[in-house]
Amino acid sequence: MTIGKIDMWRGEIVTLMNKPIIHLLLVLAISIAFSFVNSNAYFWGNQPNLIQACTSILYIILWSLYGLFFGLTKKATLFKMFNYYWIVGTALYFVGFFFSVTPLIFITGFILPGPTYGIRLLLDIPSDNRLVLLCVLLCYGLYLVGTVIGASLRRRKSQNS
């Protein structure tokens with residue numbers, strides 16, 4: 001029995017990870033999980049602990065590796081989608097903030113900067129919009145750096161072949 005490109009009898013998921021929606025759902029699940037680790041400090045504006053700081057650093061590293069993956073595999077559709085993820089998500093957060101749309105602030109704040117709130121332990125920065133912007137720029141920036149490195153490695157490999 002075959003459904004799309006998934007062969008149910010052999011258990012093969014041949015092209016499932018090529019679908020952008022799967023990557024988006026994976027990123028959302030990871031972001032929500034990491035944000036839950038930081039939520040106790042994040043929602044109350046408290047200083048994070050060492051575990052939360054380490055978790056946030058791991059999250060930032062994961063975004064770098066995700067960018068590296070996209071650069072190595074030349075997944076242009078996914079690259080564009082995650083550019084929209086960061087840019088539109090950040091814009092929605094600030095629209096929610098400036099127009100006092102609490103649900104929008106909560107959702108975008110939980111998904112975008114929430115997972116990285118632990119880095120506040122390492123920085124002397126208040127828990128406000130500057131921290132939100134710093135967290136988003138850090139993840140998005142390292143994602144882009146990872147993508148550029150991956151694309152460079154892919155080109156170098158193809159030139160040597």
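Let us start at Cys135, which is buried in this predicted model, with a relative accessible area of 1%. Does a buried or an exposed setting await the other cysteine worth a look, Cys54? Cys54 is neither, because its relative accessible area of 46% makes it partly exposed. A disulfide is a covalent bond between the sulfur atoms of two cysteines. How many disulfides does the structure hold? The count is zero. Cys135, for one, is in no disulfide, and the nearest cysteine sulfur, that of Cys139, is 7.1 Å away. A pair would count as a disulfide with the sulfur atoms within 2.5 Å, so at 7.1 Å Cys135 and Cys139 do not form one.

Now step back to the chain as a whole. The chain contains three strands and five helices, and from the N terminus the order is β-β-β-α-α-α-α-α; in other words, the strands come before the helices. Of the 161 residues in the chain, 38% are buried. If you take the contacts with a separation of 6 or more, 71% of them join residues 24 or more positions apart. One pair that is far apart in sequence can be found at the loop between α2 and α3, where Lys75 lies. Lys75 and Pro20 are separated by 55 residues in sequence, yet their C-alpha atoms are 9.4 Å apart in space. Lys75 itself is partly exposed, because its relative accessible area is 22%.

Next, look inside. In soluble globular proteins, nonpolar side chains tend to be buried together. Here the largest nonpolar core has 25 residues, and Tyr59, Trp63, Phe82, Tyr85 and Trp86 are those with the most contacts inside it. Which helices each supply at least two residues of this core? They are α1, α2, α3 (76–98) and α5 (129–160). The largest share, six residues, comes from α5. To get a feel for the packing, click on Trp63: leaving aside neighbours within four places in sequence, Trp63 is in contact with Val27, Phe82, Tyr85, Trp86, Cys139 and Tyr143. Three of the core residues with the most contacts, Phe82, Tyr85 and Trp86, appear among those partners.

The outside tells another part of the story. The chain exposes about 9,600 Å², and carbon and sulfur atoms supply 72% of that area. Part of the surface is a nonpolar patch of about 960 Å², with Leu26, Ile30, Leu50, Ile57, Leu58 and Leu134 among its residues. Helices α1 (20–44) and α2 (50–73) each supply at least two residues of the patch. Which helix gives the largest share? That is α2, with six residues.

Helix α2 is a good place to end, with two of its residues side by side in your viewer. Leu58, a patch residue, is in α2 and counts as partly exposed because its relative accessibility is 44%. Thr55 is in α2 as well, but is Thr55 buried or exposed? Thr55 counts as buried, because its relative accessibility is 14% and the cut-off for buried is under 20%. Not counting residues up to four places away in sequence, Thr55 touches Phe34 and Val37.

Definitions and conventions
Residues numbered from 1 in each chain as written. Predicted model: local features only at pLDDT ≥ 70, side-chain atom pairs only at ≥ 80, totals over all residues. Heavy atoms only, no water. Helix = DSSP H or I, 4+ residues; strand = E, 2+ residues; numbered from the N terminus. Buried < 20%, exposed > 50% of the residue type's maximum accessible area, 1.4 Å probe, protein only. Contact = heavy atoms within 4.5 Å. Areas by Shrake-Rupley, 256 points an atom, 1.4 Å probe, with all protein chains shown as cover. Patch = residues over 30% accessible without salt bridge, like charges linked within 9 Å, V, L, I, M, F, W, Y side chains within 5 Å. Salt bridge = Lys/Arg side-chain N within 4 Å of Asp/Glu carboxyl O. Core = buried A, V, L, I, M, F, W, Y, C linked by side-chain atoms within 4.5 Å.
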